[in-house]
Amino acid sequence: MKVSLVIPMYNESSIIDEALHTFSSYMEETFEDWELIFVDDGSADGCGNAVCLAHEKDERIRLCRYTPNRGKGYAVRTGVLAAQGDLILFTDCDNAYGTEALGTLAQTFMQSDADIVVGSRNLSKDGYEGYTFLRKLASKTYIKIIAVAAGFKLSDSQCGIKGFRHDIAKKIFSNCEVDRFAFDLEVIMIAMKLGAKIAEMPVKIINHRESTVHVLRDSVKMLRDVRSMKKRIKKQEIQ
């Protein structure tokens, strides 16, 4: 079984060398057949060049690159549609959830008939370890508002680590249109329309970055996006 790992990145020159080493080493140690796909989302700092050099040494490390910047949703979609693995996983370049979560993600597929596995910070007591009280409250509130509006029961739709079986990944992402941060919801909505089996697994943040989410402002914007997506997906012919 081949495992593809997609890493979207934007101006990550400060961490790309470490990311290349960490992810490629873990993939080599954990999976017999694998590929690592970095997607350079119109970066201005040349971080994709390090991936090009790594590719010269190991063709299993690949780069997708384009300009201008389009957003994380577009980057993940580009990587997933380029991936060849039987399982297609994605996580963030800062390895927020740790590499061990990738192995757990793959193992969850092997132990279940799930089509999609979604990480959740809300399934274990230490999921938000290291968060301030206010940041934890803001994150949980934001996630709950979105889940109610979107009409699903997942405990953490916005978690940045997810995995898909090959065929369902291709079908979902080839029908996605959202380029920026609402893409996680679009993916889940399309998956639900397809009747995909979705499982969750507990994760916790290991590497923290400053949150860019503003609960009130972003919740209002996301609610508008949810209404628009629900109408479109309801009418959409999924190919």
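Reader: What links Glu 28, Asp 58 and Arg 60?

Author: In this model, which is a predicted one, Glu 28, Asp 58 and Arg 60 are joined in a network of salt bridges. Side chains of opposite charge can pair when their charged atoms come close. The structure holds twelve salt bridges, and several others are worth following.

Reader: What makes the pair Arg 70 and Asp 179 a salt bridge?

Author: The closest N and O atoms of Arg 70 and Asp 179 are 3.2 Å apart, and a salt bridge asks for a side-chain nitrogen of Lys or Arg within 4 Å of a carboxyl oxygen of Asp or Glu, so the pair qualifies. This salt bridge links distant parts of the chain, 109 residues apart, with Arg 70 in the loop between S3 and H3 and Asp 179 in the loop between H6 and H7.

Reader: Why is Asp 179 called buried or exposed, and how is Arg 70 classed?

Author: Asp 179 has a relative accessibility of 19%, and buried means under 20%, so Asp 179 counts as buried. Arg 70 has a relative accessible area of 32%, which lies between the 20% limit for buried and the 50% limit for exposed, and Arg 70 is therefore called partly exposed.

Reader: How do you know that Asp 184 and Lys 162 form a salt bridge, and what parts does the pair tie together?

Author: The N to O distance between their side chains is 2.7 Å, which is within the 4 Å limit, so the pair counts as a salt bridge. Asp 184 belongs to helix H7 and Lys 162 to strand S6, so parts that are 22 residues apart in sequence are tied together. Both Asp 184 and Lys 162 are buried.

Reader: What places Glu 177 and Arg 232 among the salt bridges, and where do the two residues lie?

Author: Their closest N and O atoms are 3.5 Å apart, again within 4 Å, so the term applies. Glu 177 is in the loop between H6 and H7 while Arg 232 is in helix H8 (residues 215–235), so the pair connects parts 55 residues apart in sequence. Glu 177 has a relative accessible area of 48%, and exposed would require over 50%, so Glu 177 is called partly exposed.

Reader: What is the order of the strands in the sheet, and why do S3 and S7 count as edges?

Author: Seven strands form an open sheet with mixed pairing, in the order S3-S2-S1-S4-S6-S5-S7. Strand S3 (61–66) and strand S7 (198–202) each have a single partner strand, so one side of each is left without a neighbour in the sheet. Neighbouring strands are turned by 20° against each other on average, direction ignored. Helix H3 packs on this sheet, touching S1, S2, S3 and S4, and its direction makes about 150° with that of S2.

Reader: How do you know that S5 pairs with S6 and with S7?

Author: Pairing asks for at least two bridges between two strands. S5 and S6 have three bridges, in the antiparallel sense, and S5 and S7 have five, in the parallel sense. Val 117 has Gly 163 of S6 as its bridge partner, whereas Val 118 stands opposite Lys 162 in S6 and is bridged to Glu 200 in S7.

Reader: What makes S5 mostly covered?

Author: Five of the five residues of S5 are buried. On one side these are Ile 116, Val 118 and Ser 120, and on the other Val 117 and Gly 119, which leaves both faces covered.

Reader: What is the span of H7, set against the expected one?

Author: H7 has twelve residues and reaches 17 Å from its first C-alpha to its last, close to the 16 Å expected at 1.5 Å a residue. Nine of its twelve residues are buried, among them Phe 183, Leu 185 and Ile 188. After H7 comes Gly 195, with a positive phi near 75°.

Reader: Why is Tyr 97 called buried or exposed, and what is in contact with it?

Author: Tyr 97 has a relative accessibility of 8%, which is under 20%, so it counts as buried. Tyr 97 sits in the loop between strand S4 (87–90) and helix H4 (100–110). Beyond its neighbours within four places in sequence, its contacts include Arg 121, Cys 159 and Lys 204. The C-alpha atoms of Tyr 97 and Lys 204 are 5.9 Å apart, although the two residues are 107 residues apart along the chain. A polar atom of the Tyr 97 side chain lies 3.1 Å from the backbone nitrogen of Gly 160.

Technical notes. Residues numbered from 1 in each chain as written. Predicted model: local features only at pLDDT ≥ 70, side-chain atom pairs only at ≥ 80, totals over all residues. Heavy atoms only, no water. Helix = DSSP H or I, 4+ residues; strand = E, 2+ residues; numbered from the N terminus. Buried < 20%, exposed > 50% of the residue type's maximum accessible area, 1.4 Å probe, protein only. Contact = heavy atoms within 4.5 Å. Polar contact = N/O pair within 3.5 Å; in protein donor to acceptor, adjacent residues only side chain to side chain. Axes fitted to C-alpha atoms, helices over the stretch in contact; angles between N-to-C directions. Expected span 1.5 Å × (residues − 1).
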